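Me: I would like to learn how to read a single strand in a protein model. Could you walk me through one?

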Amino acid sequence: MIVTMCATSPSDPTTENQNAPLPPSLQVAVSDTLKRGTPGRVPFSVEFMPPRDDAAEARLWSAAEAFHDLGASFVSVTYGAGGSSRERTERVAGKLAMKPLTTLLHMTLVGHTESELRGILREFASLGMTNLLALRGDPPGDPTGEWEGIEGGLTHAVHLIELVKSMPECADFDLGIASFPEGHYRAESIEADTRYTVEKLRAGANYSITQMFFNVDHYLRLRDRLAAYDPVHGAKPVIPGLMPITSLRSVRRQVELAGCELPRDMEEKFTRIAAGDEQKNAAAIREAGIEETTKMAERLIAEGAPDLHFMTMNNVRATQEVLHNLGMAPAFGPRFGQDMVR
Ligand SMILES: Cc1cc2nc3c(=O)[nH]c(=O)nc-3n(C[C@H](O)[C@H](O)[C@H](O)COP(=O)(O)OP(=O)(O)OC[C@H]3O[C@@H](n4cnc5c(N)ncnc54)[C@H](O)[C@@H]3O)c2cc1C
């Protein structure tokens, strides 16, 4: 079992001197949380985004409390496109770790030289933030634009993994990576993408978290492709990334951004329920969306997924409804003091 150290504070971490060395406490490695499942029942985890303002910050902490109480096995914190949110990501992740929640920091190499990346990694190590999702990241500005490295920087996530592995200060790090059920949109081919994903696992990543998808077959094919390419490293856990469906507009936007397929039967079902008026039928669409996400989760559990990773957008309600349908959480509702958290 890998046990990593995490910074903790005896009092409110938001008001204390953030730079003072903090006494250590124990934090579990994310790859160890994946061993907690029992047949037919899997752990779940959630993704948060660093908040942009005070209102969003308050919502995030309500969500963190709720998911802590619901027993999330870990929480991850995204890193703004182009490295724009590094300080917020680090601050939020540090505070989550003190709740205490096993916390996974996303980190990208966009816009940093190798020497800056070393400095950032050293800082994470000194704060005990040793669960890292090693990513290349998207270009700043237009995320679908051409990716251009900077002088003295790195070009692919695998290089970030190699850098971590070369630093003695990071010996305790437990690394994860991104994987893409339908192939990364910039990959030359699905075979090339499989090869590069396995390369990251061989370089030292212990698991991957997938891009969101709405067709479970794509997840299963990715898992098969990786294991067929390399039965040792390719067989490391692949955590499915799930975005609960709550509206037709948002699912269409996510499909466009993530470059994933919305299965035809789902699209037709939602369009039928919308009956030309999405706003009027929003509640029925939402209900159908939660039902579809639940069905996906049920199939993933039956297929032996190691964890269900929910992309929450810092909201509790939709994820809790899916968990409740799966028998993994109480019902969501004001009676539980949850009326403030969507
Ligand atoms: C679960 C998850 C979380 C994410 N979180 C964030 C986040 O917090 N912040 C953020 O900015 N972005 C995030 N992303 C988006 C991600 O950073 C982008 O999709 C990015 O374009 C690819 O990142 P990567 O780590 O897979 O890159 P890489 O592994 O470097 O792959 C990028 C492209 O290059 C190819 N490739 C890989 N290795 C090589 C190589 N050695 N030689 C040639 N080609 C290669 C791949 O096939 C792919 O097309 C996340 C994605 C996922 C799935």
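Here we look at one strand and its surroundings, starting from the whole chain.

Reply: Happy to! Keep in mind that this is a predicted model.

Me: What does the secondary structure of the chain come to?

Reply: A count of elements is a good start: here there are 11 helices and 11 strands. Of the 342 residues in the chain, 43% are buried. Looking at contacts between residues at least 6 apart in sequence, 78% join residues at least 24 apart.

Me: Now to strand β3: how many of its residues are buried?

Reply: A residue counts as buried if 20 or more other C-beta atoms lie within 10 Å of its own. In β3, residues 44-48, five of the five residues are buried, so the strand is largely enclosed by the rest of the structure.

Me: Which residues point which way from β3?

Reply: F44, V46 and F48 point one way, while S45 and E47 point the other way. Residues on both sides are buried.

Me: Which strands pair with β3, and in what sense?

Reply: Let's take the partners in turn. Strand β11, residues 308-311, pairs with β3 in the parallel sense over four bridges. There, F310 is the bridge partner of V46. Strand β4, residues 75-77, also runs parallel to β3, and three bridges join them. Opposite E47 in β4 stands S76.

Me: Where does the chain go between β3 and β4, and is the crossover right-handed or left-handed?

Reply: Follow the chain from β3 through helix α2, residues 54-70, and you arrive at β4. This β-α-β crossover is right-handed.

Terms used
Residues are numbered from 1 along each chain as its sequence is written. This is a predicted model: local features need pLDDT of at least 70, side-chain atom pairs count only at pLDDT 80 or more; totals for chains, interfaces and linings use all residues. A residue is buried if 20 or more other C-beta atoms lie within 10 Å of its own, exposed if 12 or fewer, and partly exposed in between; C-beta atoms are placed from the backbone. Helices (H or I, at least four residues) and strands (E, at least two) are DSSP runs, numbered from the N terminus. Two strands pair if DSSP finds at least two bridges between them. A crossover is right-handed if, with the strands pointing away from the viewer, the path from the first strand over the helix to the second runs clockwise. Two residues are in contact if their C-beta atoms, placed from the backbone, lie within 7 Å.
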